[in-house]
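This report describes selected features of a predicted model. It takes up a loop residue, a nonpolar core and a helix in turn.

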Amino acid sequence: MIVNLFSPFYYKSVFNEHYRVRTVLLNHIKQKYEENPNNQPSSWSCRVHTSQSKEDPIFEKVKGYYRNATDFFLKEINFPDSRIDISEMWYNAYGKGQWQESHTHHGNEDVYFSAVHFLKYDKNIHPPLTMNNLNRVLMEPRFEGRQSSLDYWNMSKNIEVEEGDIIFFPSLLEHQVNIQETDELRITVSFNVKVENLRKPKFNTQRVSIDGDPMDFHMEQLKEFLNDIPNII
Ligand SMILES: [Fe+2]
C-alpha cells in the first residue's frame with residue numbers, strides 16, 4: 001500500500017490578461033535582451049538575460065493583472081485568509097545556447113509560492129520548464145554534495161504549457177530550463193508570492209531547548225496564541 005503524504009504540485013491556468021501584458025512587455029524585453037544577452041547575477045551558474053537582480057519599473061503597469069491571477073489561484077486551492085504580496089517580479093529571456101540551472105525560489109521569509117507566465121513560448125521549439133524531485137536536499141553539505149544514485153530522488157518532469165499560460169508552484173520546488181537550441185527568444189515572467197497567513201499559529205515547529213518544564217513553555221505559547229486570536233479573526 002502506498003500512502004501519498006505531501007505531494008508537490010503545480011497549478012496551471014490560462015492567464016486572462018496575456019495579450020494585454022504581452023503588448024506592454026514584449027518589445028521592451030526584446031530591446032533589453034539585445035543590449036545585453038547575458039546579464040545574470042554572478043551567483044547564478046547559467047546563461048540567461050534576467051531582470052531578477054533589480055525590479056524593472058515597467059512591471060508597475062502590469063502587476064495588478066498578476067495580482068488578480070494570484071488571488072484566483074489562492075482561492076482555487078482554498079488557501080486560508082492571508083495577506084498577500086508579490087514580493088519580487090522579473091523576466092527571463094533565453095536565446096540559442098542559454099539555459100538556467102536547477103534552483104528554488106525559497107529563501108525569503110514568507111515566500112510560499114512562485115509563478116511563471118509564459119510570455120513568448122513555442123512548445124515545439126523551446127525547452128520546457130523542468131521540475132526536479134528533491135535533488136537540492138541531497139546536494140546539501142551534510143550529504144557532501146552527492147546526488148543519489150536512486151532514480152526516485154532524481155526524477156524530473158517537464159511541464160506542458162502553451163504561450164499565455166501561467167503556473168503557480170510551491171517555492172521550494174526545484175526547477176530548471178534546459179539549454180535552448182533555437183535563436184527565437186523564449187520569454188517568461190516570474191514572481192514570488194509572499195503570504196502572511198492570518199491564521200498561522202505561532203507554535204515553533206523546530207525542536208528548541210527549554211529551561212524548566214516544557215509543559216510550562218508550551219502553555220505560555222498557547223496563551224500568547226489565544227491572546228492573538230481577536231487580531232487574526
Ligand atoms: Fe526559477
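## A loop residue, the core and a helix

Leu172 counts as partly exposed because it has 17 C-beta neighbours inside 10 Å, whereas a buried residue would need 20 or more. Leu172 lies in the loop between β8 and β9 (174-177). Apart from neighbours within four places in sequence, Leu172 is in contact with Thr104 and His106. Pro8 is separated from Leu172 by 164 residues in sequence, yet their C-alpha atoms are 9.1 Å apart in space.

The largest nonpolar core comprises 34 residues, and those with the most contacts inside it include Ile29, Phe113 and Ile187. Elements giving two or more residues to this core are α1 (18-35), α2 (63-76), β3 (82-94), β5 (111-120), β8 (165-170) and β10 (186-197). β5 supplies the largest share, 7 residues. Beyond its neighbours within four places in sequence, Ile187 is in contact with Ile29, Tyr91, Ala93, Leu119 and Lys120.

The helix α2 has 14 residues and spans 20 Å from its first C-alpha to its last, close to the 20 Å expected at 1.5 Å a residue. Its two faces are set out below.

| Residues of α2 | Status |
|---|---|
| Tyr66, Ala69, Thr70, Leu74 | buried |
| Gly64, Asp71, Lys75, Glu76 | exposed, on the face turned away from the buried side |

Tyr66, Ala69, Thr70 and Leu74 are buried; they cover an arc of only 135 degrees around the axis, and therefore lie on the same side of α2. After α2 comes Asn78, which has a positive phi near 55 degrees.

Note on methods
Residues numbered from 1 in each chain as written. Predicted model: local features only at pLDDT ≥ 70, side-chain atom pairs only at ≥ 80, totals over all residues. Core = buried A, V, L, I, M, F, W, Y, C linked by C-beta atoms within 7 Å. Buried ≥ 20, exposed ≤ 12 C-beta atoms within 10 Å, placed from the backbone. Helix = DSSP H or I, 4+ residues; strand = E, 2+ residues; numbered from the N terminus. Contact = placed C-beta atoms within 7 Å. Expected span 1.5 Å × (residues − 1). Arc of directions from axis to C-beta.
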